[in-house]
Amino acid sequence: MDRLADVSNLRSSQSQTQISHLALDIGGSLIKLVYFCRYDDSCRDDGDELRSQNDSLCSKSDNSQPVLEGRLHFAKFETSKINDCLDFLHSMKLCLDGSHDGTAPPSNKIFIKATGGGAYKFADLFKEKLGVSLDKEDEMECLVTGANFLLKAVHQEAFTYLDGQKEFVQIDPNDLYPYLLVNIGSGVSMIKVDGDGKFERVSGTSLGGGTFWGLGRLLTKCKNFDELLELSHRGNNRIVDMLVGDIYGGTDYAKIGLSSTTIASSFGKAISDSKELEDYEPEDVSRSLLRMISNNIGQISYLNALRFGLKRIFFAGFFIRGHAYTMDTISVAVNFWSKGEAKAMFLRHEGFLGALGAFMSYEKQCLDGLTVHKMQQKFPISASSAGDNIYCSLNSNSDENGSIECTVYGT
Ligand SMILES: Nc1ncnc2c1ncn2[C@@H]1O[C@H](COP(=O)(O)OP(=O)(O)OP(=O)(O)O)[C@@H](O)[C@H]1O
Ligand SMILES: CC(C)(CO)[C@@H](O)C(=O)NCCC(=O)O
């Protein structure tokens with residue numbers, strides 16, 4: 001599978017840096033990792049590595065002095081290939097167990113923050129293979145913490161996408177709430193967010209990314225997710241979908257606001273007796289499926305936004321993959337149903353909300369402040385917990401392979 005960063009690159013970058021904190025989000029389809037690599041030469045403390053949560057992770061320094069400077073890195077693995085992830089983590093062993101400097105804590109004291117269902121399902125496997133315990137954090141809470149962090153602290157994190165146009169949205173951290181967070185993973189969660197730690201999961205649907213990938217694999221014989229997405233670029237859904245015009249003899253049904261090109265029934269043309277699956281192009285099937293799932297999520301999201309009077313909807317989760325057609329379809333659905341009242345927005349770190357939230361929970365417990373910054377520019381922003389300082393921006397070329405430069409400050 002594709003990975004955010006090839007494991008060999010990750011390994012070579014590790015040799016120059018030290019991984020001091022790591023958090024995992026183990027979902028139904030993908031495992032997401034967020035880890036902090038300190039810059040060796042800028043580290044102000046004595047170099048404690050990832051340790052037990054009660055131990056020296058909580059390094060302190062003088063007032064507002066940087067205690068760690070480095071980069072937040074992101075990586076992902078397929079959950080079905082969890083052994084690749086375990087191998088990768090095993091390759092961090094030197095950092096994890098502190099054996100390089102003789103400060104290794106007893107293995108039963110090593111904790112890694114983890115969220116998602118896999119934090120429960122695979123806890124024994126992590127213990128058995130790596131000797132580490134997973135310190136479980138609630139999935140919804142992590143999603144919200146991750147979203148709030150990104151939206152408040154990372155410059156140019158949110159954007160709209162309509163008619164092929166991507167536009168970054170300036171978020172005022174003092175005027176962020178309330179909003180609807182729609183996380184499209186294997187399944188979909190819709191969360192009304194009212195503040196830091198103030199949220200309610202108001203809806204969800206099982207027709208999500210897992211449905212697109214699962215049905216798409218069966219129907220097109222694609223071997224991986226990217227191949228399926230790639231196919232959808234080239235397809236024409238009108239071959240598979242039944243349009244209003246197909247039913248109305250080529251005309252609009254203007255009285256109820258439906259144009260002839262509106263999809264009346266996803267996959268509706270496949271009812272034809274004269275065609276079997278082999279007679280359809282996989283490209284067209286993939287496009288129709290992507291449109292069906294994206295439309296449905298866009299519509300349910302809008303209805304939930306309407307239910308609670310929310311004007312802003314942020315879409316996240318790895319289903320999106322920054323894919324133009326997916327974002328366009330979701331945006332059109334929100335725009336269509338809300339008659340232009342509500343706005344669909346997307347996040348650059350779409351798939352890492354949960355892992356970031358789990359990472360931030362180290363901060364709640366012991367780090368005094370995670371500060372993310374860009375060399376040239378600093379944006380002072382109040383952070384998720386009182387007293388913290390977050391200065392932040394994102395390295396401008398950063399996409400899903402991106403890392404974020406940051407500093408952990410002591411107060
Ligand atoms: N390389 C990939 N391999 C498999 N699925 C991918 C890939 N890239 C994107 N996806 C899509 O992303 C979805 C998973 O997204 P995400 O990682 O956000 O959710 P998850 O945490 O695995 O699921 P859940 O939260 O429901 O447990 C997949 O179902 C698929 O639609
Ligand atoms: C079960 C979770 C929360 C696991 O991440 C997710 O896959 C989900 O929100 N599924 C949708 C379940 C539903 O509300 O119908």
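The following exchange asks how certain descriptions of this predicted model are reached.

In this predicted model, local features need pLDDT of at least 70 and side-chain atom pairs count only at pLDDT 80 or more, while totals for chains, interfaces and linings use all residues. Residues are numbered from 1 along each chain as its sequence is written, chains are lettered from A and ligands numbered from 1 in the order in which they are written, and side-chain values use heavy atoms, with hydrogens and water left out.

User: Why is proline 173 called partly exposed?

Analyst: Buried means under 20% relative accessible area and exposed means over 50%, with partly exposed in between (1.4 Å probe, protein chains only). Proline 173 has 24% relative accessibility, and therefore counts as partly exposed. Proline 173 sits in the loop between strand E7 (165–168) and strand E8 (179–184), where strands are DSSP runs of at least two residues and helices (H or I) runs of at least four, numbered from the N terminus.

User: What makes a backbone atom of phenylalanine 318 and an oxygen atom of ligand 1 a polar contact?

Analyst: A polar contact is a pair of N or O atoms within 3.5 Å; within protein, one must be able to donate a hydrogen and the other to accept it, and residues adjacent in sequence count only if both atoms are side-chain atoms. A backbone N or O atom of phenylalanine 318 lies 2.9 Å from an oxygen atom of ligand 1, which meets that limit. For arginine 321, an N or O atom in the side chain is 2.8 Å from a nitrogen atom of ligand 1. Taken alone, ligand 1 exposes 650 Å², of which the protein buries 91%, with areas from the Shrake-Rupley method and a 1.4 Å probe, only the protein chains shown counting as cover for residues.

User: How do you know which residues surround ligand 2?

Analyst: A residue is near a molecule or strand if one of its heavy atoms lies within 4 Å of it. The residues around ligand 2 include Glu139, Ser189 and Arg201. A polar side-chain atom of glutamate 139 lies 2.5 Å from an oxygen atom of ligand 2, and for a polar side-chain atom of serine 189 the distance to an oxygen atom of ligand 2 is 2.8 Å. Taken alone, ligand 2 exposes 390 Å², and the protein buries 56% of that.

User: Which element gives the most to the shell around ligand 2?

Analyst: Strand E10 (198–205) gives the most, with three residues.
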